[in-house]
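I opened the file to look up charged side-chain pairs and a surface patch. My notes follow in the order I made them.

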Amino acid sequence: MNEMEKRPLGGVPGLPPAQGLYHPANERDACGMGFVANVGGQKSHEIILQGIQVLINLTHRGACGCDPETGDGAGVLIQIPHEFFARQCAALGFKLPAPGTYGVGMTFLPVEKHERIQCEGILERIAREEGLTVLGWRDTPVDASAIGRVARGSQPYIQQLFVGAPVGMPEDALERKLYVVRKRAEREILETDVDERGYFYIPSLSARTIIYKGLLLAPQIAKFYAELSDPHVKSALCLVHQRFSTNTFPSWPLAHPYRYIAHNGEINTLRGNVNWMNARQSVLRSPLFGDDLKKLSPIIAPNGSDSANFDNAVELLLQAGRSLPHVMSILIPEAWAGNPHMKAEKRAYYEYHASLMEPWDGPAAIAFTDGRVIGATLDRNGLRPGRYVVTHDGLVVMASEAGVLDIEPERVKSKGRLQPGKMFLVDTVEGRIISDKEIKRQLAYRKPYGQWLHDNQITLDQLPEPQRVHGSDHETILCRQRAFGYTEEDINMILEPMVRTGEEPVGSMGTDTPLACLSDQPQPLFNYFKQLFAQVTNPPIDPIREEMVMLLLSYIGTERNILEETPENCHTLKLPHPILTNRDLEKLRRVSRGDLLATTLPALFLASEGEPGLQRALDELSRRASLSVSSGYTLLILSDRGVDRNYAPIPSLLALAAVHNLLVREETRTQVAIIIESGEPREVMHFALLIGFGASAVNPYLAIETMEDMARRGYLPNGATAETALQQFTKAINKGLLKTFSKMGISTLQSYRGAQVFEALGLSKGLVDKYFTGTTSRLGGIGLDVLAREAQMKHEFAYRPMTEFETELAAGGTYHFRESGEYHLLNPQTISKLQQAVRESSYQTFQEYAELIDQQNQKLCTLRGLMTIKKSATPIPADEVEPAKEIVKRFTTGAMSFGSISKEAHETLAVAMNRIGGKSNTGEGGEDEARYQPDLNGDSRRSAVKQVASARFGVTTNYLINADELQIKMAQGAKPGEGGQLPGHKVDEVIARLRHSTPGVG
């Protein structure tokens, strides 16, 4: 491979450009991290050696690819070894000033000399422009033979830059100035035409710390960076990290540690966190930075991983004057709202900061340091491990697991584990370990947070009653239900069960209807989106039994400058949950308190104008939203009330996304709350999507009217009133939202809002890029024209005369087959053919059944139905093809638990697979022990593959030893009380016995 082949032009070396199903934005980590520190701050080479040994003992938490000598990344962060650098720099002809008056930059630079010199020149110029003195450069001695072939292929040129501070500049001010220099250099070099600019990266530029990292395996780091073995390199702390990049491509810049943190876990709300940080840039002010603050943009550097972005946020808040523990408690707060034992002052501290910004949510064990203090914290759920040990002679070792360093038992003073939301901190300046209790007490009493909340925070109950509330219009409700796509199934299978049980209706066994983009029926825009899954997490959060960590509270209004702590920052409206009644909305519509001021923007378009009309309406809505923000409005109500014969509703998700992303781009999004007043949302996923794309609250007025109409007509179960129905509906939606959040490892509504944890399925790139910016759409698909046409179809159906053959609402047919409804793969024709083939043992009839199922390219239903088998021009000789009887031995059935399908179906699948030598799968529902013995005719009903779900349904010793293969499922819907969405009424005595559960409980 020649040099040009292995060097990406402008991109990050090691990362391919976005293509096919891959995008660099999806980089995630799952890793091992730890640190070694001397409590008293005594620097020694031994600390570094021990840190490297910890790293080596965490090697199994990293990974390597096709090249076994190339790791996903490893690194160490230490204090600047002044004695060592002074000697080295003197030999190069320049002298270092006293510690704390100069900074060291570890730099990754282009390999090609001319381009490297260009980058060096830009960095030197910026340093001088910022008032610093360039002292000199030093080539970092590295041994390329110590690393793998793939790592060498993307290895940058590594140099150290030394810059001096002006006389009298304090160390903290120097750290801020070095931060400015680095941010300016990153932006300027990225904007140049240097071909190898993707190589440029500054792992660290600090007066306190330096980072040695790369695309390495842990045992390679001391060999590659030879100076780490020099006894003159000393530090009082050593932060280490071994990376496992999940479903992604590793690269030199994405190795840890970052400038302040090393992270084991995953930030599941990343896209929202980044968008909110970008939107805040326009209101940031800091007396410590002054005009320099403008030079830091963008705060969150592009193309970083979730950990890199988190580190960017930490750096901003830290350099603006907060302590590192303060910063960590803001970004990863412990669960406070549902903790009855928390003191009022501490609760007020967390609630005040919740008004400032949303948590960075997801499983996280994060070690952090600024070169003076070093510590670690866990997320509010405690979803990652962290163990520590303290010795009598002042050594502290903390890591992702115990036993990373051999320590004699008699040396151990104390040991323990990180607890959910708690912090472990070593202060090497004060020479002591500071407990979480002391840290939080100091933070809680910094300011009178409780008084600030009392004086400034507003609740709905405090707002005056509205003079007028929109009532139900029973004369037009049917037309409006049709215009918003309501079906009989929405009424009978969604709303009615919610009102009856106060819970989201549950079904099982998936769906055999077409994807929204392949359906012949007009679809809500909601149906074109699927929630992502947490790559690293598969989160074991139970929103029912772990409700203390779950939170639906939110604070809406204007977000102010997050770099300052003032009473006005908590002048927000506190909402207990995101569902607004008509009365609640009218209170907000007429609010005039402080700077809370609302305006209503219509989300309608002329149905007769189709796509051009929809485009004009979206442009006008966006223009008016932008103008409203500049005019001082802080609550934008996007309303589709007013649907009539001429006007159709803009899909509520489209209207919201258009406004939200425009305001993010204009950096004004945090100055307003967006409230959706729509007739469209009626089920949990609708609300989840609206919140996930930025809605602060939702008023589902037509769902409310529908329940009031059902009460008026006596259709509600148990004679429920409209008020009771609304309470039950709200309860069901809120409970369903928490469950939906938990599937992504997200605990709070604040974090979920705007996080865009979805992918689009069947929407065109142009549509997604413009209105759903940052959302993944791997397939492409329909554009605004089809969305306009679907809205027109529903509008035409709403306002044309009914025929005597029609029901009031469309049948739907999504959940139950209906002749005029949605197409199903398993329909009366296919089912009858299968039953006939089995009953008559007719292979010909089975072929007819198979043909009906296989003709998915005619009746489009699935993605695989869009594909055809491509035949080779030259046939392969038959003797080169594996016999069918051998191929079928690799067949396995889907994991369908006993209970989700019948006993007969479950056992028949097992017999069939065992006959051909394949494998059937029990699913997560257990298996009758009688099936472990062969039948009299020699058949075996025993499943070769057995599942162990998090609830361990049906798992016994006998169950486990009667498996050829075990599949361990980590919280994929399988929690007590829910059971992978198995409805409770299906759990009879037999199923309950096999699952070791209770009849009637899913």
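Entry 1, the network. I began with R125, E129, E130, K177, R184, E188, D292 and K295, which salt bridges link into a network. I kept in mind that the model is predicted. For the whole structure I noted 65 salt bridges. Side chains of opposite charge can pair when their charged atoms come close.

Entry 2, R208 and D172. I looked up this pair next and found a salt bridge between the two side chains, at 2.3 Å from N to O. The pair links distant parts of the chain, with the two positions 36 residues apart in numbering. R208 is in the loop between β6 (201-206) and β7 (209-214), while D172 belongs to helix α6 (residues 171-190). I then asked whether R208 is buried or exposed. R208 has a relative accessible area of 10%, and the cut-off for buried is under 20%, so R208 counts as buried. D172 comes out at 36% relative accessibility, and I logged D172 as partly exposed.

Entry 3, R182 and E186. I stayed in helix α6, where R182 and E186 are 4 residues apart. R182 forms a salt bridge with E186, and their closest N and O atoms lie 3.0 Å apart. How many helical turns separate them? The answer is about one, because the two are 4 residues apart in the helix. I recorded R182 as buried, at 2% relative accessibility.

Entry 4, D964 and R942. I found a further salt bridge here, with the side chains meeting at 3.0 Å, N to O. This pair also links distant parts of the chain, the two residues being 22 residues apart. I placed D964 in the loop between α29 (957-961) and β30 (965-968), and R942 in the loop between α28 (903-916) and β29 (945-948). D964 has 53% relative accessibility and counts as exposed. R942 is buried, with a relative accessible area of 18%.

Entry 5, the nonpolar patch. I turned from charges to the surface and asked which residues form a nonpolar patch there. I listed L779, L860, L863, L866 and M867, with about 450 Å² of accessible area together. I followed up one of them, L779, and located it in the loop between α23 (765-771) and α24 (784-799). L779 has a relative accessible area of 45% and is partly exposed. Patch members need over 30% relative accessible area, so the 45% of L779 meets that requirement.

Note on methods:
Residues are numbered from 1 along each chain as its sequence is written. This is a predicted model: local features need pLDDT of at least 70, side-chain atom pairs count only at pLDDT 80 or more; totals for chains, interfaces and linings use all residues. Side-chain values use heavy atoms; hydrogens and water are left out. Patches are made of residues with over 30% relative accessible area and no salt bridge: like charges are joined within 9 Å, nonpolar side chains (Val, Leu, Ile, Met, Phe, Trp, Tyr) within 5 Å. Accessible areas come from the Shrake-Rupley method with a 1.4 Å probe; for residues, only the protein chains shown count as cover. Buried means under 20% relative accessible area, exposed over 50%, partly exposed in between (1.4 Å probe, protein chains only).
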